[in-house]
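Subject: The structure, and what turned up in it

Hi there,

Here is the structure I promised to send over. Have a look at it first, and then read on for my notes.

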Amino acid sequence: MSEESGKTHCGRVALVGRPNAGKSTLLNRLIGEKIAIVSDKPQTTRHRILGIRTDGDVQMVFVDTPGIHRPGFRLNERMMETVYDSLRGVDLVVHLVDVSENYGKGEQYAVDLMRSVEVPRLLALNKVDLINKAKVLPIIEFYDQFGIYEEIIPISASRGENLEGLLESIERRLPEAPFLYPADQFTDQLERTLVAEIIREKVLQHTRKELPYATATKLELFDESRRQEGFVHIAASVVVERPGQKKIVIGRGGRMIKKIGTEARKEIQRLLDVPKVYLQLNVKEVPGWRNRDHLLEEFGVR
């Protein structure tokens with residue numbers, strides 16, 4: 001809470017890091033709502049996700065970004081363009097690092113990117129609950145030698161450890177400014193976008209390791225004409241690239257797609273706050289979609 005009565009502080013804060021660093025888990029924790037899907041597969045987040053946290057006269061607008069990686073497909077290039085664009089339009093950057101992973105070329109690539117950032121940078125050492133506590137201080141000293149971070153904060157996003165410390169560090173660096181969003185708003189994501197992402201999350205959670213990179217979700221129908229009666233009709237396509245991937249998603253006797261649909265429907269009902277969602281899922285084969293810009297736009301990778 002700001003000490004100066006009558007004045008508000010507000011700023012955009014980018015959450016950046018390597019794939020699987022825990023950015024989406026952290027965003028959901030900080031906002032107190034599930035607005036970003038989470039899985040153990042790399043490159044889960046494909047587009048910019050805005051999360052808004054308002055505490056009294058302080059508003060933090062968090063920008064969750066795709067994981068920092070060297071791009072291969074056009075899909076990956078667009079994801080990295082999102083990262084670069086996000087870094088240019090914020091007041092503060094929080095670089096998230098998974099301390100349970102060894103430092104390598106991928107993390108060096110992320111650190112080098114952080115060197116080019118012109119706004120204040122904080123380093124959040126995530127997943128400290130997964131390592132021996134004696135290792136934390138040497139890791140802090142290792143990253144401190146780069147001389148690019150104003151503060152280094154150990155946290156556990158999954159357990160909620162030391163998130164208050166991170167929030168305090170962010171708040172101290174926010175400019176005095178009016179709120180960008182109403183105090184009761186927690187994201188800029190449309191319901192339709194959240195629904196499509198929930199379906200993709202269930203695909204990620206239940207399919208083989210190599211499949212998620214080639215998977216997208218397209219909402220074909222979002223009929224809420226009977227929402228006042230507690231009923232919403234949704235139809236969506238799970239998009240893959242090859243016939244073998246289609247078989248994996250459908251599963252033997254249709255069991256996999258049924259499982260994905262059942263879990264997605266329950267979560268969508270909670271999101272939309274309705275007792276009944278009729279969810280139809282179709283699996284569509286679209287060869288090479290990851291390298292076709294108009295399809296990336298259509299599937300929500302902007």
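One cut-off will help with what follows: a residue counts as buried under 20% relative accessible area, as exposed over 50%, and as partly exposed in between. Please keep in mind that this is a predicted model.

The overall picture

The protein has 302 residues, and 53% of them are buried. Its chain forms 9 helices and 9 strands. If you take the contacts between residues at least 6 apart in sequence, 73% of them join residues at least 24 apart.

Salt bridges

As a reminder, side chains of opposite charge can pair when their charged atoms come close. In this model there are 18 salt bridges, and a few deserve a visit in your viewer.

Start with Lys34, which pairs with Glu201; their closest N and O atoms are 2.6 Å apart. Glu201 sits in helix H6 (residues 191-206), while Lys34 belongs to the loop between helix H1 (23-31) and strand S2 (49-55), so this bridge ties together parts that are 167 residues apart in sequence. Are the two partners buried or exposed? Glu201 has a relative accessibility of 2%, so this residue counts as buried. Lys34, at 38%, is partly exposed.

Lys34 also forms a salt bridge with Glu267, and here the closest N and O atoms are 2.7 Å apart. Glu267 comes from helix H8 (residues 255-272), so to speak from a distant part of the chain, 233 residues away from Lys34 in its loop between H1 and S2. With a relative accessible area of 11%, Glu267 is buried. Add Lys202 and you have a network of salt bridges that links Lys34, Glu201, Lys202 and Glu267.

Another pair to look at is Glu151 with Arg173, whose closest N and O atoms are 3.3 Å apart. Glu151 is in strand S6 (residues 151-154) and Arg173 in the loop between helix H5 (163-171) and H6, 22 residues apart. Both ends of this bridge fall in the middle class: Glu151 is partly exposed at 24%, and Arg173 has a relative accessibility of 21%, which is not under 20%, so Arg173 counts as partly exposed rather than buried.

The second largest pocket

This pocket holds about 520 Å³ of space. Among its 22 lining residues, Asp98, Ser100, Glu101, Asn102 and Tyr103 are the closest to the centre. Strand S4 (92-98), helix H3 (105-115) and helix H4 (136-144) are the elements that each give two or more residues to the lining. Which of them provides the largest share? That is H4, with 4 residues. Sorted by class, the lining has 10 nonpolar, 5 polar and 7 charged residues.

Helix H4

Since H4 came up at the pocket, here is a little more about this helix. Val136, Ile139 and Tyr143 are buried in H4. These residues cover an arc of only 65 degrees around the axis, so they lie on the same side of the helix. The buried residues of H4 pack against S4, H3, strand S5 (121-126) and S6. Two of those neighbours, S4 and H3, are also named above for the pocket lining, and S6 is the strand that holds Glu151.

If you open the model, I would begin with Lys34 and its partners Glu201 and Glu267, and then turn to the pocket and H4.

Best wishes

Methods:
Residues are numbered from 1 along each chain as its sequence is written. This is a predicted model: local features need pLDDT of at least 70, side-chain atom pairs count only at pLDDT 80 or more; totals for chains, interfaces and linings use all residues. Side-chain values use heavy atoms; hydrogens and water are left out. On a 1 Å grid over the protein atoms alone, a cavity is a set of points where a 1.4 Å probe fits but cannot get out, and a pocket is an open set with protein on both sides within 12 Å along at least five of seven lines; lining residues have an atom within 4 Å of a point. Grid points are joined across faces, edges and corners, and a volume is the space filled by probe spheres set on the points. Ala, Val, Leu, Ile, Met, Phe, Trp, Tyr, Cys and Pro count as nonpolar, Asp, Glu, Lys and Arg as charged, and the others, Gly among them, as polar. A salt bridge is a side-chain nitrogen of Lys or Arg within 4 Å of a carboxyl oxygen of Asp or Glu. Buried means under 20% relative accessible area, exposed over 50%, partly exposed in between (1.4 Å probe, protein chains only). The arc is that of the directions from the helix axis to the C-beta atoms. Contact means heavy atoms within 4.5 Å.
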